[in-house]
Amino acid sequence: MFETVPADPTAASPGALAKNLRARLRLPVIASPLFIISNPDLVIAQCKAGIVGSFPALNARPAAQLDEWLARISEELAAHDRAHPEAPAAPFAVNQIVHRSNDRLDHDLELCVKWKVPLVITSLGARPEVNAAVHSYGGLTFHDVINPTFARKALEKGADGLVAVAAGAGGHAGTLSPFALVQEIRSFFDGPLALSGAIANGRAILAAQALGADFAYMGSAFIATQEANAAEGHKQSIVESGAEDIVYTNLFTGVLGNYLKPSIRAAGLDPDNLPASDPSAMNFGSNRVKPWKDLWGAGQGIGAVREVLPAADFIARLAREYDEARAGLV
């Protein structure tokens, strides 16, 4: 494991970090890392279009593939920058699960250091040595949190920024209103803050900023892009469903999360009458189903998703909506 490195006393202030990152983006958006779904094709398309693209390190399987993915992403984005100096790509991010159960963490973190990953997003625990490893080459770390208590702990352990995961977010979501969550975090932290939870159009991006966040953190809408490594049925479910088609349950993983009703029905369960949590049992009848692969995650904002598009086209639409929303406030 990496040793803790003292913080650089000359480092930029938390507020300056947010401004510096925002200046490198076409839109104030970080695409959230989607388990199984996010891949190099999607990340590269997101970054070229001007938003932070990200993927979970654990999506690269076997572990050796992570080196290949980081090489490809780094090299293709560098080539894009050389060809388009007037519109360089946005930085990319890698999500690391820092819980003790992740036996790949040391290996995957070493590769992030090797390739100098600009942003590392940590989940399920905050660890000073992980932050120090990223800081050793000048990278940034954001930690996702569902409440102010976890936010304070992450900052105490050296995170540069936070991802506030509010009610309505896809996957393992929190329960707090984005109004309350951002408000309380901003009472003690003025650094980089991304907001997650039902954000799927340009107006919602602007609304996240109005609440006090620096960035919108968007995931579910990118499932319905051509580059996403999602089943066609999952993509179509995103297009055809709305907020009422989202179920919040801890049955499948032991942690509360948001899932699409059609996938729950396909698993042989009644989404409106789910049994109590039994995180150790994933066998329903004769069918074995797996969270995220068979039971599809999604957030409450999917009603804004109307079709499956190339990621660049979707981001261009977000930019138009964002600009129109800003103009409407003048």
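**Figure 1. Close-up of R203, an exposed residue in helix 8 of the predicted model.** With a relative accessible area of 53%, R203 is exposed, because the exposed class comprises values over 50%. The structure shown here and in every other view is a predicted model. R203 belongs to helix 8, which covers residues 202-211. Once neighbours within four places in sequence are left aside, the contacts of R203 are with E321 and A325. From R203 to P62 the C-alpha to C-alpha distance is 39 Å, for a separation of 141 residues in sequence.

**Figure 2. The protein chain as a whole, given as context for the close-up views.** Twelve helices and twelve strands are present in the protein chain. Its radius of gyration of 19 Å is close to the 20 Å given by the globule rule for 330 residues, so the chain is as compact as a globular protein of that length. The C-alpha trace of the protein chain spans about 60 × 50 × 40 Å along its principal axes. Of the 330 residues in the chain, 53% are buried. The accessible surface of the protein chain amounts to about 14,500 Å², and carbon and sulfur atoms account for 52% of this surface. When contacts between residues at least 6 apart in sequence are considered, 64% of them join residues at least 24 apart.

**Figure 3. The cavity found in the structure and the residues around it.** Rolling a probe the size of a water molecule over the atoms shows where empty space is left. A search of the whole structure yields one cavity of 30 Å³ or more. The volume of the largest cavity is about 30 Å³. Its lining is formed by A221, A224, T225, V305, E307, L309, F314 and R317. Sorted by class, the lining of the largest cavity comprises five nonpolar residues, one polar residue and two charged residues.

**Figure 4. Close-up of T225, one of the residues lining the largest cavity.** T225 is located in the loop between helix 9 (220-223) and helix 10 (232-240). Its relative accessible area is 0%, so T225 is buried. Apart from neighbours within four places in sequence, T225 is in contact with L42, K235, V308, L309 and A311. Among these contacts of T225 is L309, which also lines the largest cavity.

**Figure 5. Surroundings of N258, a buried residue in strand 10.** Strand 10 comprises residues 257-260 and contains N258. The relative accessible area of N258 is 2%, and the residue is therefore buried, the limit for this class being under 20%. When residues up to four places away in sequence are not counted, N258 touches G168, A169, G170, G171 and A173, together with I246, V247, Y248, G297 and A298.

**Figure 6. Backbone geometry at P62, K116 and L124.** Most residues other than glycine have a negative phi, and most peptide bonds are trans. The peptide bond that joins R61 and P62 is cis, with omega about 0 degrees. P62 is placed in the loop between strand 2 (53-56) and helix 3 (65-83). K116, although not a glycine, has a positive phi of about 50 degrees. The loop between helix 4 (105-114) and strand 4 (119-123) holds K116, and this residue is exposed, with a relative accessible area of 52%. L124 is likewise not a glycine, and its phi is positive at about 60 degrees. The loop that contains L124 runs between strand 4 and helix 5 (128-135).

**Figure 7. Two partly exposed helical residues, K153 and N20, with C-alpha distances to residues elsewhere in the sequence.** K153 lies within helix 6, residues 148-156. A relative accessibility of 43% places K153 in the partly exposed class. Although K153 and A126 are 27 residues apart in sequence, their C-alpha atoms are 7.4 Å apart in space. N20 is part of helix 1, residues 14-22. Its relative accessible area of 45% makes N20 partly exposed. N20 and I302 are 282 residues apart along the chain, and 30 Å separates their C-alpha atoms.

Technical notes. Residues are numbered from 1 along each chain as its sequence is written. This is a predicted model: local features need pLDDT of at least 70, side-chain atom pairs count only at pLDDT 80 or more; totals for chains, interfaces and linings use all residues. Side-chain values use heavy atoms; hydrogens and water are left out. On a 1 Å grid over the protein atoms alone, a cavity is a set of points where a 1.4 Å probe fits but cannot get out, and a pocket is an open set with protein on both sides within 12 Å along at least five of seven lines; lining residues have an atom within 4 Å of a point. Grid points are joined across faces, edges and corners, and a volume is the space filled by probe spheres set on the points. Ala, Val, Leu, Ile, Met, Phe, Trp, Tyr, Cys and Pro count as nonpolar, Asp, Glu, Lys and Arg as charged, and the others, Gly among them, as polar. Helices (H or I, at least four residues) and strands (E, at least two) are DSSP runs, numbered from the N terminus. The radius of gyration is taken over C-alpha atoms; the globule rule is 2.2 Å times the number of residues to the power 0.38. Buried means under 20% relative accessible area, exposed over 50%, partly exposed in between (1.4 Å probe, protein chains only). Contact means heavy atoms within 4.5 Å. Accessible areas come from the Shrake-Rupley method with a 1.4 Å probe; for residues, only the protein chains shown count as cover.
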